[in-house]
Amino acid sequence: MKKSGFTTLALNVPYPKNDPHKSLQIPLYESVAFEFDSAEQIEANFKGEYVAHTYSRASSPTVEYFELKLKTLTQSNGVLAVSSGMAAISNTILAISKSGDNIISGSQLFGHTLSLFQQTLPDFGIDVRFSDLKDSGKLEELIDKNTRAIYFETVTNPQLEIADIEMLSEISRKYGIVLISDSTVTPPNVFNAGKLGINIEVFSATKHISGGTAFGGVVIDHGNYDWRLNPNFKDFIEKFKDNAFIAKLRKNIYRNTGGSMAPQTAKFLIQGLDILELRVEKCYQNCLALGKFLSSNQKVKKVGYPGLEADSRNFLAKKYFSGIPGTIMTFDLESKEACFAFMNKLQIVRRATNLNDNKTLIIHPHSTIYAEFSEEERKIADVRDTMMRLSVGIENVEDLISDIKQALS
Ligand SMILES: *Cc1c(COP(=O)(O)O)cnc(C)c1O
């Protein structure tokens, strides 16, 4: 049989038909605990001989189906759903490293990831070393025997820089360390991380996967790392073999730190996956149209979107992301005042801090997300006070263009 397309596959991942009504959607199992038929059965469950859900902090049927759907769509070894993108990142790092270890990270990061790496993890003895990921020499210099991972974002925000993934994969393989990507802005319908040598992928499902309807996070194990190379997995290798990473997360980190996904959230995210490809494609078409419109407007000084042919990163966008390098763009007006005046005139585009929402959202990063940074730090991060970030949604493109046009005039 021919390999199914993304949406066909998403709509046809089977679920257990225990429901007497033969519901065509998996029901929402909004229950804390699950019942057993006998004392013997519950004993067998706790011994690991009879597999069933027991308590929803550990696992629950609706969340499990969301994980299965994503596992099928990414053809990965294992998927864990958690309460937020930050929970996905922190759970992953806590599973891979312990006090005395270090990880290496790109320096352009989502703000709270940066804060986790600079402030929270060092308090627990995990050192994060930042590097320009384009400089392979510097990267290798930072690696020592306690380095457990290289961490990067597929497309950084708001700089929209794209890493050299093959180089990162080669270095991580050479030193036997895990390569982790935050792929939030490049969802699985446009990006095949496992094929490029990424071992663990984390996502904020809050973004494209939910479309702005629910909070969630995802950890994906691509099954391409030998966990015997990391001493922190020695208690899990023998019993769980290739599943050592997900097993450690489930039986230790995730269950014990309590960042589980709510069943109701999983229901939103299941629907999000069903229509992910449609929404991302629409956002992308809108992005291209808006990028071209803005590029040709005299008041606009600069447009950043790697999806545009004229953008210097366009070849990487094509190489890694099927030409769809996320659906966020930046553009500059002549001054901060001009940006604020423009933003205040918008009627369809919303002023809000989320991204990859179904709605088109705008923000002025310099005065908001980067408000606590020094001018020097903003300069290093290339966050200008003349720049706005536009996260493009699925509205009718003519409506978006006419809104932007009137706000520019
Ligand atoms: C939003 C975001 C996160 C954090 O996700 P939450 O769901 O808000 O916790 C992490 N990484 C990136 C790239 C993000 O955009």
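Select strand S9 (residues 328–332) together with S8, and you will find the two running antiparallel, joined by three bridges; strands and helices here are DSSP runs numbered from the N terminus, with strands (E) of at least two residues and helices (H or I) of at least four, and two strands pair if DSSP finds at least two bridges between them. Within this pair, Lys302 stands opposite Asp332 in S9.

Before going further, note that this is a predicted model, in which local features need pLDDT of at least 70 and side-chain atom pairs count only at pLDDT 80 or more, while totals for chains, interfaces and linings use all residues. Residues are numbered from 1 along each chain as its sequence is written, and side-chain values use heavy atoms, with hydrogens and water left out.

**The five-stranded sheet**

Widen the selection to the open sheet of five strands, which has the order S8-S9-S12-S11-S10 and mixed pairing. Its edge strands are S8 (302–304) and S10 (350–351), each of which pairs on one side only. Now add helix H13 (residues 336–345), which lies across S9, S10, S11 (361–363) and S12 (387–391) and runs at about 30 degrees to S12; axes are lines fitted to C-alpha atoms, for helices over the stretch in contact, and angles run from 0 to 180 degrees between N-to-C directions.

**The two domains**

Colour the protein by its division into domain 1 (6–272) and domain 2 (277–408), bounds that come from an automatic or database domain assignment. The centres of the two domains, taken over C-alpha atoms, are separated by 29 Å. In the contact between them, 31 residues of domain 1 meet 35 residues of domain 2, where contact means heavy atoms within 4.5 Å.

**The seven-stranded sheet**

Select next the open sheet of seven strands, ordered S1-S7-S6-S5-S4-S2-S3 with mixed pairing. Strands S1 (78–82) and S3 (127–131) stand at the edges with a single partner strand each, so one side of each is left without a neighbour in the sheet. From one strand to the next, the twist averages 20 degrees.

Inside this sheet, pick out S5 (residues 178–182) and S6 (residues 200–204), which pair in the parallel sense over three bridges, and look for Ile180, which stands opposite Ile200 in S6. Then show two helices that lie across strands of the sheet: H3 (residues 61–74) crosses S1 and S7 (217–221) at about 135 degrees to S1, whereas H9 (residues 244–257) lies across S1, S6 and S7 and runs at about 25 degrees to S1.

Two loop residues deserve a stop. Gln75, in the loop between H3 and S1, has a phi near 45 degrees, a positive value in a residue other than glycine. Pro158, in the loop between S4 (147–153) and H7 (165–175), is joined to Asn157 by a cis peptide bond with omega of about 10 degrees.

**Three helix pairs**

Two packed helices are described by the angle between their axes and the distance between the axes.

Start with H3 and H10 (residues 263–274), which pack at an angle of about 30 degrees with their axes 8 Å apart. That makes H3 roughly parallel to H10, since angles under 35 degrees count as roughly parallel, over 145 as roughly antiparallel, 65 to 115 as roughly perpendicular and the rest as oblique. Their crossing is left-handed, a term used if the near helix is turned anticlockwise from the far one by less than a right angle, with right-handed used if clockwise. To see the contact, display Thr62, Val63, Tyr65, Phe66, Lys69, Leu70 and Leu73 in H3 against Pro263, Ala266, Lys267, Leu269, Ile270, Leu273 and Asp274 in H10. These residues divide into 10 nonpolar, one polar and three charged, counting Ala, Val, Leu, Ile, Met, Phe, Trp, Tyr, Cys and Pro as nonpolar, Asp, Glu, Lys and Arg as charged, and the others, Gly among them, as polar.

Move to H4 (residues 85–96) and H5 (residues 111–123), whose axes come within 11 Å and cross at roughly 40 degrees; H4 and H5 are therefore oblique to each other. H4 passes H5 in a right-handed crossing, and Met86, Ile89, Ser90, Ile93 and Leu94 in H4 meet His112, Thr113, Leu116, Phe117 and Leu121 in H5.

Finish at H11 (residues 276–295) and H15 (residues 397–408), packed at an angle of about 30 degrees with axes 10 Å apart, and therefore roughly parallel to each other. Here H11 passes H15 in a right-handed crossing, and the residues of the contact divide into nine nonpolar, one polar and one charged.
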